[in-house]
Amino acid sequence: MNYVETGKDESGNPVRIHYTDYGKGKPVILIHGWPLSKEMWEYQIPALVNSGHRVIAYDRRGFGKSSHPWDGFDYDTLTDDLKAIIEYLNLTDITLIGFSMGGGEVVRYFNRCGGRGVIRAILISSTTPYLLKTETNLEGVPKEMFNEMLEKIKNDRIGFLDDFSKMFFGLRYLRKQVSSPRLDYYRLLFSLASPRATIECVKAFSTTDFREEMRLIDVPTLIIHGDADQVVPIEPTAMQATKSILINTFLIYQGAAHGLFYTEREKLNSDILYFISEKKTNITIRKRSILNLLYSQTIKL
C-alpha cells in the first residue's frame, strides 16, 4: 500500500498518509471533503485516467486509511501533508482539485507553499473563502448552527451522519435519485473517520478565514457549485471566490445539492476534463505571475 510519512503525532508516532496513484500524464491531485475519504472520487478517477492523466487521491489525516492522530487538523498541518505528497512523488504541472473542505487545502497551498508546481486549480462545492457568519460576512452560516452540529456529533455521531447524508445529497428537498445502498455506503465512509477528526475538522472549515488568501491563487481556476447546496451555501463561498481569484471560470449547477460529485457526476467529469485540457488552459507556471487580465465567466448549467 502507498503511504507517505508526513511527521509525528503528539505521542511521537509517525503520521502516514495513504494515497492511490493511477495512470500516466500530467498529475491531478484529488482532495476529498468532510467527512469522506478518497473513495468519494470513485466516478472521477476512471474518467481522468482514461483521458490520459495521472491521478493521485489521498485520505486526509484522521480519515480513511491514513493515520488517525489526536491533533493536527488545522489547515497549516493539513496543507503540509499535501506538500509532503507532492514532494515525495516529485510532481509538477499539477491540477489541484479540492471538494468542500478540501478547497481549504488548495487555497492554503498557494499561501503556504506559493502554489509550487500547480498550473490549475478546481474548487468544487468548496467551503472557501469563509463559511462563518460575522459582521463582515453576513451571508455566512451562523455560529450557533455549527455549535449545534458539534453537539449532535458528540452525542450521537452515527445518528448525525445518517441525517447528514440525506442533506448532503439533497434528498429532503430535491428529487435526486440516490439508492438506499448507495446512501448506506456513503454513510459508512463518513463513519470511518475518527471521531476526533470529525469534530476538529468542523472547527477548521467553519472558522478559517481564507478571504485574503484567495487573492494568492494566480493560476486558472474552475469554480463549481450547486445553487441548491444547503450544506455549503453558494453565497458566502463560490460567489465570493469569483471576486477574489484573478483568473476564474464559474459554473453554477442549477438544482444541485452538495454531493454533486455523485448526483451530477457525468456533467462534473465533462467540465473538469474540458477545463484541464491543453486546448483550454495552456498557461505555464512562469507566465502566470505576469498575467494581469481579470476575467470571470459565470455560467448556469
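Where does Ser100 lie? Select it to start the tour of this predicted model. Ser100 sits in the loop between β5 (94-99) and α3 (102-112).

**Stop 1: Ser100 and Ser125**

Check the backbone of Ser100. Its phi is near 55 degrees, a positive value in a residue other than glycine. Most residues other than glycine have a negative phi. Ser100 has 5% relative accessibility, so it counts as buried, the cut-off being under 20%.

Now select Ser125. It is placed in the loop between β6 (118-124) and α4 (143-155). Phi of Ser125 is near 50 degrees, again a positive value in a residue other than glycine. Is Ser125 buried or exposed? Ser125 is buried, at a relative accessible area of 0%.

**Stop 2: the cavity**

Keep Ser125 selected and add Leu123, Ile124, Ser126, Thr128, Ile223, Ile224, His225, Ala238 and Ala241. Together with Ser125, these residues line the largest cavity. The space inside is about 40 Å³. The structure holds one cavity of 30 Å³ or more.

Colour by element next. β6, β7 (221-226) and α8 (238-244) each give at least two residues to this lining. Which of them supplies the largest share? β7 does, with three residues.

**Stop 3: two cis prolines**

Go from Thr128, in the cavity lining, to Pro129. The peptide bond joining Thr128 and Pro129 is cis, with omega about 10 degrees. Pro129 is in the loop between β6 and α4.

Jump to Pro35 for another cis bond. The bond from Trp34 to Pro35 has omega near -5 degrees and is cis. Pro35 belongs to the loop between β3 (27-31) and α1 (44-50). Most peptide bonds are trans.

**Stop 4: Trp34 and the core**

Stay on Trp34 and show its side chain. Which residues does Trp34 touch, not counting those up to four places away in sequence? Select Phe63, Met101, Met149, Ile153, Phe160, Phe164, Phe168, Ala197, Thr198, Cys201, Val202 and Phe205: these are its contacts under that rule.

Zoom out to the largest nonpolar core, which has 93 residues. Ile29, Leu30, Trp34, Trp41, Ile124, Phe205 and Phe261 touch the most other members. In soluble globular proteins, nonpolar side chains tend to be buried together.

**Stop 5: the largest pocket**

Select Met145, Met149, Phe160, Phe164 and Met167. Of the 22 residues lining the largest pocket, these lie nearest its centre. Met149, Phe160 and Phe164 are also among the contacts of Trp34. The pocket has a volume of about 510 Å³.

Which elements give two or more residues to the lining? They are α4 (143-155) and α5 (157-168). The largest share, five residues, comes from α4.

**Stop 6: helix α2**

Select residues 75-88, helix α2. Begin at its N-terminal end, where Asp74 is the cap. A side-chain oxygen of Asp74 lies 3.3 Å from the backbone nitrogen of Asp76.

Put a distance label between the end C-alpha atoms of α2. They are 20 Å apart. Why does that agree with the expected span? The helix has 14 residues, and at 1.5 Å a residue they should span 20 Å.

Now show the buried residues of α2: Tyr75, Leu78, Thr79, Asp81, Leu82, Ala84, Ile85 and Ile86. An α-helix has 3.6 residues a turn, so residues three or four places apart point the same way. Just past α2, click Asn90, which takes a positive phi of about 55 degrees.

**Stop 7: Glu105**

Tyr75, Leu78, Thr79 and Leu82 of α2 lead to the next selection. Select Glu105, in helix α3. Glu105 counts as buried because its relative accessibility is 0%. Leaving aside neighbours within four places in sequence, Glu105 is in contact with Ile31, Tyr58, Arg60, Tyr75, Leu78, Thr79 and Leu82.

**Stop 8: Lys24**

Finish at Lys24, in the loop between β2 (14-22) and β3. Is Lys24 buried or exposed? Lys24 is exposed, with a relative accessible area of 75%. Gly52, His53 and Arg54 are what Lys24 touches, not counting residues up to four places away in sequence.

Add Ile199 and draw a line from Lys24, C-alpha to C-alpha. The two are 37 Å apart in space and 175 residues apart in sequence.

Technical notes:
Residues are numbered from 1 along each chain as its sequence is written. This is a predicted model: local features need pLDDT of at least 70, side-chain atom pairs count only at pLDDT 80 or more; totals for chains, interfaces and linings use all residues. Side-chain values use heavy atoms; hydrogens and water are left out. A nonpolar core is a set of buried Ala, Val, Leu, Ile, Met, Phe, Trp, Tyr and Cys residues joined through side-chain atoms within 4.5 Å. Buried means under 20% relative accessible area, exposed over 50%, partly exposed in between (1.4 Å probe, protein chains only). Contact means heavy atoms within 4.5 Å. Helices (H or I, at least four residues) and strands (E, at least two) are DSSP runs, numbered from the N terminus. The expected span of a helix is 1.5 Å times one less than its number of residues. A polar contact is a pair of N or O atoms within 3.5 Å; within protein, one must be able to donate a hydrogen and the other to accept it, and residues adjacent in sequence count only if both atoms are side-chain atoms. On a 1 Å grid over the protein atoms alone, a cavity is a set of points where a 1.4 Å probe fits but cannot get out, and a pocket is an open set with protein on both sides within 12 Å along at least five of seven lines; lining residues have an atom within 4 Å of a point. Grid points are joined across faces, edges and corners, and a volume is the space filled by probe spheres set on the points.
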